[in-house]
Amino acid sequence: MPSFSSVRLPVLACAIASFTLVAGCQSNRPAAPPASSAALPTMERVALGANGCWFKSGDPAFKAYRLAPELNSFSGRPRILIVPRKSPEARPLAVIQAEGHPARLQAFGPLLSEPVGARMTTDVRRWAAGGEGCN
């Protein structure tokens, strides 16, 4: 009859080997997945940030304007437009668009030359990089 310790040793060795294999299969993933850098997800983040921080918040710097998102672009360049509040069909005062993967952002229009333009640029860069919140 085998002794208790001679039976226990192989069982213990198998258990340790199993735990080692399981531990080796575990991956070291970051807690949150990084923000996608493709054009559409980037512009979706920018549009959500702009809408929440500039327009829905009642920010007086943007009271005279309206957000016009054009994210479903067949050209591969999703964009958002900032247009006059009372004339949404008028020429955009600012255009922010992205293209490619990773997204290459472009922003242009006369509103970016106004005092609020520097703030817009800072906010857009933060949102495009995956940051959240308002200044």
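A disulfide, for this tour, is a pair of cysteine sulfur atoms within 2.5 Å. Keep that in mind for the opening stop. One thing before you start clicking: the model in your viewer is a predicted one.

**Stop 1: the disulfide**

Select cysteine 53 and cysteine 134 and show their side chains. A disulfide joins these two, with 1.9 Å from S to S. The structure holds one disulfide, so there is no second to hunt for. Look along the S-S bond: the angle about it is -85°, and the link of cysteine 53 and cysteine 134 is left-handed. The pair ties together distant parts of the chain, with cysteine 53 in helix α2 (residues 39-55) and cysteine 134 in the segment after α3 (116-128), 81 residues apart.

Are the two ends of this link buried or exposed? Buried means under 20% relative accessible area. Cysteine 53 has 8% relative accessibility, so it counts as buried, while cysteine 134, at 48%, counts as partly exposed.

**Stop 2: the whole fold**

Zoom out and switch to cartoon view, colored along the chain. You should find three helices and four strands. Follow the chain from its start and the pattern reads α-α-β-β-β-β-α. The protein has 135 residues, and 24% of them count as buried. Turn on the surface if you like: the accessible area comes to about 9200 Å², and 61% of that belongs to carbon and sulfur atoms. As for contacts between residues at least 6 apart in sequence, 40% of them join residues at least 24 apart.

**Stop 3: the sheet**

Now select the four strands. They make an open sheet in the order β1-β2-β3-β4, with antiparallel pairing. Which strands stand at the edges? They are β1 and β4 (104-108); each has a single partner strand, so one side of each is left without a neighbour in the sheet. Tilt the view to look across the strands and you can follow the twist, which averages 15° from one strand to the next.

**Stop 4: the β3-β4 hairpin**

Stay with β3 and β4, which pair in the antiparallel sense over five bridges. Two facing pairs are good to highlight. Isoleucine 96 stands opposite alanine 107 in β4, and alanine 98 stands opposite leucine 105 in β4.

Next, move to the turn. β3 and β4 form a hairpin with four residues between them, and glycine 100 in the turn has a positive phi of about 90°. Then click on histidine 101 and proline 102: the peptide bond joining them is cis, with omega about 5°. Proline 102 sits in the loop between β3 and β4.

**Stop 5: the nonpolar core**

Select Val46, Trp54, Ile80, Ile82 and Met120 and show them as spheres. These are the residues with the most contacts inside the largest nonpolar core, which has 22 residues. The elements giving two or more residues to this core are α2, β1 (65-70), β2 (79-84), β3 (94-99) and α3. Which element gives the most? That is α2, with eight residues. In soluble globular proteins, nonpolar side chains tend to be buried together.

For a closer look, center on valine 46. Leaving aside neighbours within four places in sequence, valine 46 is in contact with Ile80, Ile96, Val124, Trp127 and Ala128. You met Ile96 at the hairpin, opposite alanine 107.

**Stop 6: aspartate 123**

Select aspartate 123, which you will find in helix α3. Is this residue buried or exposed? Its relative accessibility is 1%, so aspartate 123 counts as buried. Show what is around it: beyond its neighbours within four places in sequence, aspartate 123 is in contact with Trp54 and Asn135. Trp54 is one of the core residues you picked out at the previous stop.

**Stop 7: leucine 40**

Finish at leucine 40, back in helix α2. With a relative accessible area of 36%, leucine 40 is partly exposed. Which residues does leucine 40 touch, not counting those up to four places away in sequence? They are Leu71 and Pro78. For a last distance to try in the viewer, pick the C-alpha atoms of leucine 40 and arginine 77: the two residues are 37 apart along the chain, and those atoms are separated by 7.9 Å.

How values were computed: Residues numbered from 1 in each chain as written. Predicted model: local features only at pLDDT ≥ 70, side-chain atom pairs only at ≥ 80, totals over all residues. Heavy atoms only, no water. Buried < 20%, exposed > 50% of the residue type's maximum accessible area, 1.4 Å probe, protein only. Contact = heavy atoms within 4.5 Å. Areas by Shrake-Rupley, 256 points an atom, 1.4 Å probe, with all protein chains shown as cover. Core = buried A, V, L, I, M, F, W, Y, C linked by side-chain atoms within 4.5 Å. Pairing = 2+ DSSP bridges. Axes fitted to C-alpha atoms, helices over the stretch in contact; angles between N-to-C directions.
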